[in-house]
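The following report describes a single protein chain, beginning with individual residues and ending with the chain as a whole.

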Amino acid sequence: MRRSRHPSGVPDDVDRLRDLLHASRRAVALTGAGISTESGIPDFRSGRGIWAEFDPLEVGHISAFRRDPVRVWAFYRLRIDVVRQATPNAGHVALAQLERDGRLARVVTQNVDGLHRAAGSDALEVHGALDRVDCLGCGARLDIAEAERRMAGDPDGVPRCDCGDPLKPGVVLFGEMLPEEAIDQAFALASSCDLLIAAGSTLEVHPVGGLPAVAQRAGATLAIVNRGPTAYDDDCDVRIEGSLGEVLPRLV
Ligand code: ZN
């Protein structure tokens, strides 16, 4: 196997990770907000952009939606606009390419922006997605275009279901359970992979933050690529600090 060499002549951690990936039989990538900040979508922890005007723990909570859907939708309309203007970056594109090349079994993501799908990945979106809405009353699910038509026709700017209930953004709000089927699939992937690459996540939010431990218990190698500390920094096999848009394309 040909290895590209670091300028110093010594293979660096990215080379090591690429070798591990190419030697693995079943690799899974787990991504978080950090892969989308490079597409201009601010992480709510940053306190930047729309997160400077709204407290995520307030407007992103299921109790706020039940109490005041008008305010929650005022926020989500902005958030959906931010996401609509974003395009996949080199990190998303690299993971989709690895999937097509058969190097990656699946991308599991905490992100709700749909950018992995836009890049061509069949990503498992465990926190839902912003391009759809759900009815808590009758279980109906509509796409965002239909929700926006209903919003435009509603005096309060809230999309309403045919059953009369306000429709909820198609993402998992604070205080809500994660979709059981998606999280079961995520745990099955973690326990059956031999390499887990966690990219752009602090791995602090559970239950997704528990996936690396599940993978490790099943014997998998854990690699972390992130800017800034993560919950597994002292407990992983490869740790790369850096831009996902620069590191991930080097794995292809
Ligand atoms: Zn309904």
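## Local environments and overall form

S121 is placed in the loop between α7 (115-119) and β3 (124-125); helices (H or I, at least four residues) and strands (E, at least two) are DSSP runs, numbered from the N terminus. The model is a predicted one, in which local features need pLDDT of at least 70, side-chain atom pairs count only at pLDDT 80 or more, and totals for chains, interfaces and linings use all residues. Residue numbers run from 1 along each chain as its sequence is written, and side-chain values use heavy atoms, with hydrogens and water left out.

S121 has a relative accessible area of 4% and is therefore buried; buried means under 20% relative accessible area, exposed over 50%, and partly exposed in between, with a 1.4 Å probe and protein chains only. The side chain of S121 makes a polar contact of 2.9 Å with that of E99. A polar contact is a pair of N or O atoms within 3.5 Å; within protein, one must be able to donate a hydrogen and the other to accept it, and residues adjacent in sequence count only if both atoms are side-chain atoms. Apart from neighbours within four places in sequence, S121 is in contact with L95, A96, E99, V107 and H116, where contact means heavy atoms within 4.5 Å.

E99 also belongs to the buried set of helix α6 (residues 90-100), together with G91, H92, A94, L95, A96 and L98. These buried residues of α6 pack against α1, β1 (27-31), α2 (33-37), β2, α7 and α11 (244-247). At the N-terminal end of α6, N89 acts as a cap, with a side-chain oxygen 2.7 Å from the backbone nitrogen of G91. Just after α6, G102 adopts a positive phi of about 80°.

Q110 is located in the loop between β2 (106-109) and α7. Its relative accessibility is 13%, so Q110 counts as buried. With neighbours within four places in sequence set aside, Q110 is in contact with T31, G32, V126, H127, S201, V205 and V208. The C-alpha atoms of Q110 and G128 lie 8.1 Å apart, and the two residues are 18 residues apart in sequence.

Two of these contacts of Q110, S201 and V205, introduce the segment around L203. L203 is found in the loop between β7 and α10, and its phi is near 60°, a positive value in a residue other than glycine. L203 is buried, with a relative accessible area of 2%. P207 is likewise placed in the loop between β7 (195-199) and α10 (211-217), and the peptide bond from H206 to P207 is cis, with omega near 10°.

The N-terminal part of the chain includes D12, which lies in the segment before α1 (13-23). D12 is buried at a relative accessible area of 17%, and its side chain forms a polar contact of 3.4 Å with that of R250. Within helix α1 lies D19, which is buried with a relative accessible area of 16%. L21 is also found in helix α1 and is buried, with a relative accessible area of 1%. Not counting residues up to four places away in sequence, L21 touches A27, L98, R103, L195, I197 and L251.

C-alpha separations for pairs that involve α1 residues are listed below.

| Pair | Separation in sequence | C-alpha separation |
|---|---|---|
| D19 and L251 | 232 residues | 8.5 Å |
| L21 and A231 | 210 residues | 22 Å |

Turning to the whole chain, its secondary structure comprises eleven helices and nine strands. The chain has a radius of gyration of 19 Å, which agrees with the value near 18 Å for a compact globule of 252 residues; the radius is taken over C-alpha atoms, and the globule rule is 2.2 Å times the number of residues to the power 0.38. Along the principal axes, the C-alpha atoms fill a box of roughly 65 × 35 × 30 Å.

Of the 252 residues in the chain, 50% are buried. Among contacts between residues at least 6 apart in sequence, 64% join residues at least 24 apart.
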